[in-house]
Every structure is written in C-alpha cells, then in structure tokens.
Amino acid sequence: MNILLICHEFPPVGAGTANAVMSIGRELAKDHAVTVLTSSVRGLPAHDEKDGVEIIRTASLRRNIYGMSPFELFVFTLSAIPSAMRLHRRNRFHCCLAFHGIPAGWVSLALWKFCRVPYVVSLRGADVPGFLPAKYDRFHRLAGGLTRLSWRNARRVVANSRGLKELAEPTASAIGVEVDVIPNGVDSDFYRPAESTKTVPARKALFAGRVTEQKGLIYLLEALAERAMELRGRLKVEIVGDGDLKTGLERLAEKRGLDSIVSFFPRLTQEDLRKKYQRSGFFILPSLAEGMSNVIVEAMACGLPVAATAIDANAELIREGVDGFLFPPRDVAALGRVLVRIAQMDEGELSAMGRSSRERVKDLSWSQAAAAYLGCFSARAAGGVSA
C-alpha cells in the first residue's frame, strides 16, 4: 500500500506526536510505501528520507521547532493541501493518517474531497475541544466547523487515551461519530533500565518535555521552594527541554533559591534522553492536560516510578503506590508531599515501583499501534479498534 502520514511536526521538530509519527511510519515502512508530509523549518531539507520513510516538508513560516502559532498552522494548511494532492498524483495513496485533527485533519479532509483518499484522524490533545479551555477555547470555537467536518468525513476518529476519548465524545456524538482508542507504543528494547545502578547521595528526579504552560512546571518549582528545607541534599530535579517559559522558570528557580536542587538542560536526542532516564530515580510530570504522554511511557519502560498529575490520561498508566504517585493538578501542597515522600523512600521501595512500571508498559509497541491504524481502513463495519 501507499500510505500518507500528515503531521505539522516530525523529528527533529516537535515532541511527543512527532516521535509517534516517526515510530509508526517506521513500522509501516517495513511492508508499505510511506510518505510523511510535515512543516518546513529553516535548516532542514524540503525532501528527505529516514528508515525507509519519505519526508516532504512544505511551507509553514514556522519559526519555533517546539510549537506553531494559529497563523503558522493556517499557513501550513494552505501549503499542505496542494502539496498532498501533488504527492497523490505521483504516489496514488491508498489511505492517509492525520496526526492532530488540527491542522492535519483539515488537510486530509481536502484530500478526501478532491482525491477520495480515505483518512483517519488521530487526536493527540490540544486538537480536541475542551483541552486546556482557558488557552484553546476561542480557537476551537473559531475552528469548530472545520473540526466537525473533518471528523465526520474520516474513516475513523481515534484518540490515544481513554481520557482523551471522553473529552472528544461531546463533539463527536453531536455529529454522530464514534471515537476509538489506539494507545501510543514504546520501544521497550531501546527504552530499558540501566544494566547497573548506583546509589547517589541525592535522589534524582527527571522531567522531560516542552517547557510550556501545559506542563505545569511552575507548580513544581513552587512545591520545591515550599519544601526546600526537607529536600535540599536529598533530592535533585533535572528539567530537560525547551519552550517559551524556560527563561522565566530559570529566573524563578534562582529567585526562590533552588540552584542546589534544580538544573535545566536543553532538549536532548533520544539516545541522550534515554541515558537521563537510566540515571534518574523517578520521573515527574506535573502537566495540566495530556493525551497520552510519550515521556511517561518511555520513563516507565526504563524502570522509573512516575509522579504525575491525576488527570485521566496519566491515571490510565500509573497506579497509585504501585507504579508511582498521583496528585491533583496545580496543587502545590500535594505535590510537595509527594516529593518529600519519594525523597524519604528507601532504595528497595523505589526499585520495586520501577520494576512495576516496566511491567506495566513493556507490552505496548509501535508495531501494534501501526497495525491498529491500518485496521481502521478495513474494520469500519466491524465496530471498533482497541479501547
């Protein structure tokens, strides 16, 4: 089959969804011809190839590799629609996978209307009405007509977690569309525990991801500041990633006297991030909203317990007191108590949680996810993918 994947992010641009598209594309390319249509960024070639996947980058005016403004998304849409149709004339695609209902779902809708290429919309988070409403509601109201039209014409609409499915259902049910679930995968051979571990004087906690409002890092810094007397010398936190809040958070950490506790690092390659996982004691994600977090799954595959907000997507993965700990979003006091509790745990307790984390996710795979997406094009009448 000739398969088109559309996403405005693809490595080295973007984060979790970009890595998901790369991983699924790599799996599909083992048996099919796969093309990825994504956004251009200065310094990257317009045409590329990796792991058997053809990569086409179309104009977007994108300035930031970590995110796109509504205007840049709109420009990408206008550019990607003719690009997709030109690619179809050359490749004769049998199907299309749109990662993010906005804007890839819009591009796929046009490809269906003009070229009759069936498509699946893969919802990832911010593309779902109701996700971080204070930030995105106005945009979703403006884009609502196109969102509903792209979902209604899709072969299937898929979320990557049950929590995201539930968030999408009010919009979907209003137009008579069902939402299925295909979870993210993880390469548990690559993301694996370190072969040997060393006990370090101060326990190391790791955050990795975009440094944006969504990730709730300001609440982590406030919790660390409130419990600094108990944590100093017993806990170190490494924040890995880049984003529009990074400079401000670095200044806040310095102002709150957290220099001896918190360290900031730029975004890392997958290989270097794996080393960070393997050299850490647990993973922390204080995010306000998620679809299904790739970094949580990667950390768990590396044998790390996880402390994360008790939002639906995280609670699907983490069992309280078994694989890690859950705390309410924005609750500085509750997060502080979790940090102190982890700092006080002995190595045996922490290791047992880490082993449980690994067992929890090791059967997730990108090959299963890729097969499930392909199944969407042949199982419409059968009534379901995986949930």
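A polar contact here is a pair of N or O atoms within 3.5 Å, where, inside protein, one atom must be able to donate a hydrogen and the other to accept it. Keep that in mind for the first two views, and remember throughout that this is a predicted model.

**View 1. Helix 10 and its two ends.** Helix 10 covers residues 294-301. At its start, a side-chain oxygen of S293 comes to within 3.4 Å of the backbone nitrogen of V295. Is the helix mostly covered or mostly open? Mostly covered: eight of its eight residues are buried. That puts N294 and E298 in the buried set, along with V295, I296, V297, A299, M300 and A301. After the helix comes G303, with a positive phi near 80 degrees.

**View 2. E72, a buried acid in helix 2.** E72 sits in helix 2, which spans residues 70-91. Its relative accessibility is 4%, so E72 counts as buried. What does its side chain reach? The backbone nitrogen of S69, at 2.9 Å. Skip the neighbours within four places in sequence, and E72 still has contacts with S60, L61, R62, R63 and G67.

**View 3. L61, a positive phi without a glycine.** One of the contacts of E72 is L61, so here is a view of that residue on its own. L61 belongs to the loop that runs between strand 4 (53-58) and helix 2. Its phi is positive, about 60 degrees, even though L61 is not a glycine. With a relative accessible area of 55%, L61 is exposed, whereas E72, at 4% relative accessibility, is buried.

**View 4. Helix 2 against helix 3.** The axes of helix 2 and helix 3 (residues 101-115) come within 9 Å and cross at roughly 35 degrees. The crossing is right-handed. On the helix 2 side, the contact is made by L73, F76, T77, A80, I81, A84, M85 and H88. Helix 3 answers with P103, W106, V107, A110, L111, F114 and C115. How do these residues divide by type? There are 13 nonpolar, two polar and no charged residues. A general point helps when reading such lists: an α-helix has 3.6 residues a turn, so residues three or four places apart point the same way.

**View 5. Two cis peptide bonds.** P103 lies in helix 3, and the peptide bond leading into P103 from I102 is cis, with omega near 5 degrees. Another cis bond joins P11 and P12, this time with omega of about 10 degrees. P12 is found in the loop between strand 1 (2-6) and helix 1 (16-28).

**View 6. Helix 6 against helix 12.** Helix 6 (residues 217-226) and helix 12 (residues 332-344) have axes that come within 8 Å and cross at roughly 65 degrees. This crossing, too, is right-handed. Helix 6 brings Y219, L220, E222, A223, L224 and E226 to the contact, and helix 12 brings V332, L335, G336 and L339. By type, the contact has seven nonpolar, one polar and two charged residues.

**View 7. The largest nonpolar core, and another one.** How many residues make up the largest nonpolar core? It has 62, and L224, Y277, F283 and L339 have the most contacts inside it. Helix 12 gives the most to this core, with eight residues. Zoom in on F283 and, leaving out residues up to four places away in sequence, you find it touching L206, F207, A208, Y277, V295, I296, A299, L304, P305, V306 and A307. Three of those names, V295, I296 and A299, also appear in the buried set of helix 10. Apart from the largest core lies another, of 37 residues, with L37, I56, A84 and C96 among them.

**View 8. Three loop residues.** R330 lies in the loop between strand 14 (324-327) and helix 12. Phi of R330 is positive, near 65 degrees, and R330 is not a glycine. At 49% relative accessibility, R330 counts as partly exposed; the cut-off for exposed is over 50%. K362 is in the loop between helix 13 (347-361) and helix 14 (366-375), and at 34% relative accessibility K362 is partly exposed. G176 occupies the loop between helix 5 (162-174) and strand 8 (179-181). G176 is exposed, with a relative accessible area of 67%.

Terms used: Residues numbered from 1 in each chain as written. Predicted model: local features only at pLDDT ≥ 70, side-chain atom pairs only at ≥ 80, totals over all residues. Heavy atoms only, no water. Axes fitted to C-alpha atoms, helices over the stretch in contact; angles between N-to-C directions. Helix = DSSP H or I, 4+ residues; strand = E, 2+ residues; numbered from the N terminus. Left-handed = near helix turned anticlockwise from the far one by under 90°. Contact = heavy atoms within 4.5 Å. Nonpolar A, V, L, I, M, F, W, Y, C, P; charged D, E, K, R; others polar. Buried < 20%, exposed > 50% of the residue type's maximum accessible area, 1.4 Å probe, protein only. Core = buried A, V, L, I, M, F, W, Y, C linked by side-chain atoms within 4.5 Å.
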